[in-house]
Amino acid sequence: ITYRIQESSWVGGDFSANLLSLVAKDELQNWTMGGEDGAPKIRITMTKECHHFNRSRNENSNRDNKLSSILHALQELGATYRQELVSAIPPLVLWSCGSNEKDERKEFIVDLCAAPGSKSLQLLDLLHSMNEKGGDANDIPNGLLVVNDSDRHRIITLCQRSRRVPRGPMLAINMDARYFPGIRRKSGYKQKYDKVLADVPCSGDGTSRKNKNVWNEWSIPQAMSLH
């Protein structure tokens with residue numbers, strides 16, 4: 001199981017990382033991406049047991065109970081989020097491409113297929129990273145994240161998850177991304193976006209590497225319906 005540490009959480013990214021290191025250092029694998037030359041960093045922690053796909057959930061429950069409790073508590077606080085390592089790379093690359101080096105820059109970002117929200121919450125975290133040099137990390141970031149999804153229930157879930165992020169500058173929209181509406185300011189100027197993220201729906205057969213039950217549900221018509 002892979003978790004991303006939310007650097008802008010109320011408890012702080014350093015506290016979460018240190019706590020996990022103290023509780024279960026030998027049970028975790030950690031990665032840090034970015035963080036050099038003033039660039040925002042992303043910290044990923046993964047339980048080593050996730051490699052054992054055939055392991056029963058009840059095995060070694062006593063040993064893993066403390067780690068599971070800590071991870072659950074941190075997730076409830078918004079300090080960590082379940083997110084695949086490969087899922088954390090696109091937002092980081094998107095953030096790094098074409099960014100203005102000035103600290104006071106404004107970033108207007110849209111995530112067209114946002115739910116369930118791991119990438120959106122990561123982008124919110126990156127927006128907060130702009131405040132680290134200029135003052136309080138809990139200040140409202142000088143930018144805006146627009147999230148959209150065609151599924152109403154999923155976008156509501158995303159909004160509920162975003163409440164754990166301090167002062168998140170996020171606007172949620174529920175509609176088909178193919179007909180995404182334009183946003184205009186009071187002056188009539190049509191708002192343009194600095195960055196666009198579109199992780200469009202797919203057949204999900206790539207998850208077969210960790211969930212063998214996918215093959216029982218997968219079918220050609222179902223996969224083709226997403227194209």
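In this predicted model, helices α4 and α6 pack with their axes 10 Å apart and at an angle of about 35°. The crossing that these two helices make is right-handed. On the α4 side, the contact is formed by Ser118, Ser120, Leu121 and Leu124, which meet Leu158, Arg161 and Ser162 of α6. By residue class, this contact of α4 with α6 divides into three nonpolar, three polar and one charged.

Helix α4, which spans residues 118–129, also packs with α3, made up of residues 85–96. Here the axes come within 9 Å and cross at roughly 40°. Angles from 35 degrees up to 65 degrees fall in the oblique class, and α3 and α4 are therefore oblique to each other. As for handedness, α3 passes α4 in a right-handed crossing. From α3, the residues taking part are Ser87, Ala88, Pro90, Pro91, Leu92 and Trp95. Their partners in α4 are Ser118, Lys119, Gln122, Leu123, Leu126, Leu127 and Ser129. The contact of α3 with α4 comprises eight nonpolar residues, four polar ones and one charged one.

It is worth turning next to the nonpolar interior. The largest nonpolar core holds 17 residues, and those touching the most other members are Trp95, Ile109, Leu123, Leu124, Leu127, Leu145 and Val147. At least two residues of this core come from each of α3, α4, β6 (143–148) and α6 (152–162). The greatest share is that of α4, which gives five residues to this core.

Leu127 offers a helpful viewpoint on these surroundings. Once neighbours within four places in sequence are set aside, Leu127 is in contact with Trp95, Glu107, Ile109, Pro141, Leu144, Leu145 and Pro169. Trp95 and Leu127 also appear among the residues through which α3 meets α4. Apart from the largest core lies another, of eight residues, including Leu20, Leu28, Leu67 and Leu74.

A last look goes to Phe15, which is placed in helix α1, residues 13–24. The relative accessible area of Phe15 is 46%, so this residue is partly exposed. Along the sequence, Phe15 and Ala79 are separated by 64 residues, while in space their C-alpha atoms are 9.2 Å apart.

Key: Residues numbered from 1 in each chain as written. Predicted model: local features only at pLDDT ≥ 70, side-chain atom pairs only at ≥ 80, totals over all residues. Heavy atoms only, no water. Axes fitted to C-alpha atoms, helices over the stretch in contact; angles between N-to-C directions. Helix = DSSP H or I, 4+ residues; strand = E, 2+ residues; numbered from the N terminus. Parallel < 35°, antiparallel > 145°, perpendicular 65-115°, else oblique. Left-handed = near helix turned anticlockwise from the far one by under 90°. Contact = heavy atoms within 4.5 Å. Nonpolar A, V, L, I, M, F, W, Y, C, P; charged D, E, K, R; others polar. Core = buried A, V, L, I, M, F, W, Y, C linked by side-chain atoms within 4.5 Å. Buried < 20%, exposed > 50% of the residue type's maximum accessible area, 1.4 Å probe, protein only.
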